[in-house]
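I opened this notebook to keep track of what I looked up, entry by entry, going from the metal sites to the strands around them.

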Amino acid sequence: MGIHTEYSCSECGMKLVDSSDIFWVDAEKKIHVDMQTVSSSRKATDSLASGGIYKYYCYNCNNYIYNFHITRKSRFITKEEIIQLIESLDDNHKIIDFDNRFQNCIHCRQEISLRQEKSFAIDEMGEFFIDDSLYSEDFENKKFDFSGKYYGYFCPDCGKQINKFVILENDANLDDSLIKEILQDHTNDLTVYINDSYSNCPICGDELQVLGESSICPKCNVGVLHIESQQLID
Ligand SMILES: [Zn+2]
Ligand SMILES: [Zn+2]
Ligand SMILES: [Zn+2]
């Protein structure tokens, strides 16, 4: 189900349309972009590759940035082909990234499949929690220094386990090296570590924002955005 929202600025009247869009690459290696609906989601599931499109705005250089986040990929298409198709789609500024569940072996570089996906967190006392879901008893009503996702892989050719820790929330504002050190204390086989808790503008490096209700108007920089209408589409 897709959400189509129209915003307008309280001061200058600027209108902004936002919808939840997805993309997919069909069997002929053509790329399609559409709102997320039942029928488009079905096409995406049957495609060679698919994912979501997230729209960001940079207040520093005044550009819209489109994040193409690939969540599915078959073995009949390479990562490079997918990136090329997305890049040649239009002239918009883009960030193209693959979901954290994708991983290449750090020894032989081949793509390896995900075996385990769990949530993890470190609380204020330095205790380490790992579980299938953040809604388990362990994670209830706790304040964490940082938390994220754990992904476990195994490369059959090298016979090696690959562990990946992705930081999604860093409430204690710890720096990367300290987080890595803490994780290393709790796992003797830390192999990949990614800090995913912020995204920056690919043009100027400033922090990207998601425009929505109460955002400062990108046109006049004075008014704020209000929802004019919202529609659910399936
Ligand atoms: Zn305005
Ligand atoms: Zn390998
Ligand atoms: Zn920028």
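Entry 1. I began with the zinc ion (ligand 2) and read its donors along the chain, where they follow the spacing C-x2-C-x46-C-x2-C. In this model, which is a predicted one, I found the protein donors to be Cys105 (SG), Cys108 (SG), Cys155 (SG) and Cys158 (SG), lying 2.3 to 2.4 Å from the zinc ion (ligand 2). The 4 donor atoms subtend angles of 108 to 113° around the zinc ion (ligand 2), and I therefore entered the arrangement as tetrahedral. I then placed two of the donors: Cys105 sits in the loop between β8 (103-104) and β9 (111-112), while Cys158 sits in the loop between β12 and β13, so that the pair links distant parts of the chain, 53 residues apart.

Entry 2. For that pair I asked which category of accessibility Cys105 and Cys158 each fall into. Cys105 has 0% relative accessibility and counts as buried, whereas Cys158, at 29% relative accessibility, counts as partly exposed. The limit that matters here is that buried means under 20% relative accessible area.

Entry 3. I turned next to the zinc ion (ligand 1), whose protein donors are Cys9 (SG), Cys12 (SG), Cys217 (SG) and Cys220 (SG), lying 2.3 Å from it. The angles among the 4 donor atoms run from 104 to 115°, and the site is tetrahedral. Along the chain, the donors of the zinc ion (ligand 1) follow the spacing C-x2-C-x204-C-x2-C. Because Cys9 lies in strand β1 (residues 2-9) and Cys217 in the loop between β14 and β15 (225-233), the pair ties together parts that are 208 residues apart in sequence. I checked burial for these two as well, and both Cys9 and Cys217 are buried.

Entry 4. The zinc ion (ligand 3) is coordinated by Cys58 (SG), Cys61 (SG), Cys201 (SG) and Cys204 (SG), at 2.2 to 2.3 Å. Its 4 donor atoms make angles of 100 to 119°, and I noted this site, too, as tetrahedral. The spacing of these donors along the chain is C-x2-C-x139-C-x2-C. Cys58, in strand β5 (residues 49-58), and Cys204, in the loop between β14 and β15, form a pair that links distant parts of the chain, 146 residues apart. I recorded Cys58 as buried, with a relative accessible area of 0%, and Cys204 as partly exposed, with a relative accessible area of 34%.

Entry 5. To set the sites against the overall layout, I looked up the domain division, which gives domain 1 (1-100 + 199-234) and domain 2 (103-195). The C-alpha centres of domain 1 and domain 2 lie 28 Å apart.

Entry 6. I then asked in what order the strands of the open sheet of 5 strands are arranged. The order is β11-β10-β12-β13-β14, and the pairing is mixed. Since β11 (128-131) and β14 (192-195) stand at the edges, each with a single partner strand, one side of each is left without a neighbour in the sheet. From one strand to the next, the twist averages 25°. Looking at the β14 edge, I found that 4 bridges join strand β13 (residues 160-169) to β14, and that these two strands run parallel. Within that pairing, the bridge partner of Phe165 is Tyr193, in β14. Helix α3 (residues 176-186) lies across β10 (114-123), β11, β12 (144-155), β13 and β14, and runs at about 140° to β14.

Entry 7. The strand that holds Cys9, β1 (residues 2-9), led me to an open sheet of 3 strands with the order β2-β1-β15 and antiparallel pairing. Here β2 (15-19) and β15 are the edge strands, and each pairs on one side only. The twist in this sheet averages 15° from one strand to the next. I followed β1 and β2, which pair in the antiparallel sense over 5 bridges, and noted that His4 stands opposite Ser19 in β2.

Entry 8. My last look was at strand β3 (residues 21-25) and strand β4 (residues 31-35), which pair in the antiparallel sense over 5 bridges. Val25 stands opposite Ile31 in β4. The hairpin of β3 and β4 has 5 residues between the strands, and in this hairpin Lys29 takes a positive phi near 60°.

Notes: Residues are numbered from 1 along each chain as its sequence is written. Chains are lettered from A and ligands numbered from 1 in the order in which they are written. This is a predicted model: local features need pLDDT of at least 70, side-chain atom pairs count only at pLDDT 80 or more; totals for chains, interfaces and linings use all residues. Side-chain values use heavy atoms; hydrogens and water are left out. Domain bounds come from an automatic or database domain assignment. Two strands pair if DSSP finds at least two bridges between them. Axes are lines fitted to C-alpha atoms, for helices over the stretch in contact, and angles run from 0 to 180 degrees between N-to-C directions. Contact means heavy atoms within 4.5 Å. Donors are N, O and S atoms within 2.8 Å of the metal (3.2 Å for Na, K and Ca); water is not among the atoms, so sites may look incomplete. Four donors count as tetrahedral if all angles lie between 85 and 135 degrees; four count as square planar and six as octahedral if opposite donors are over 155 degrees apart and all others between 65 and 115; anything else is irregular. Buried means under 20% relative accessible area, exposed over 50%, partly exposed in between (1.4 Å probe, protein chains only).
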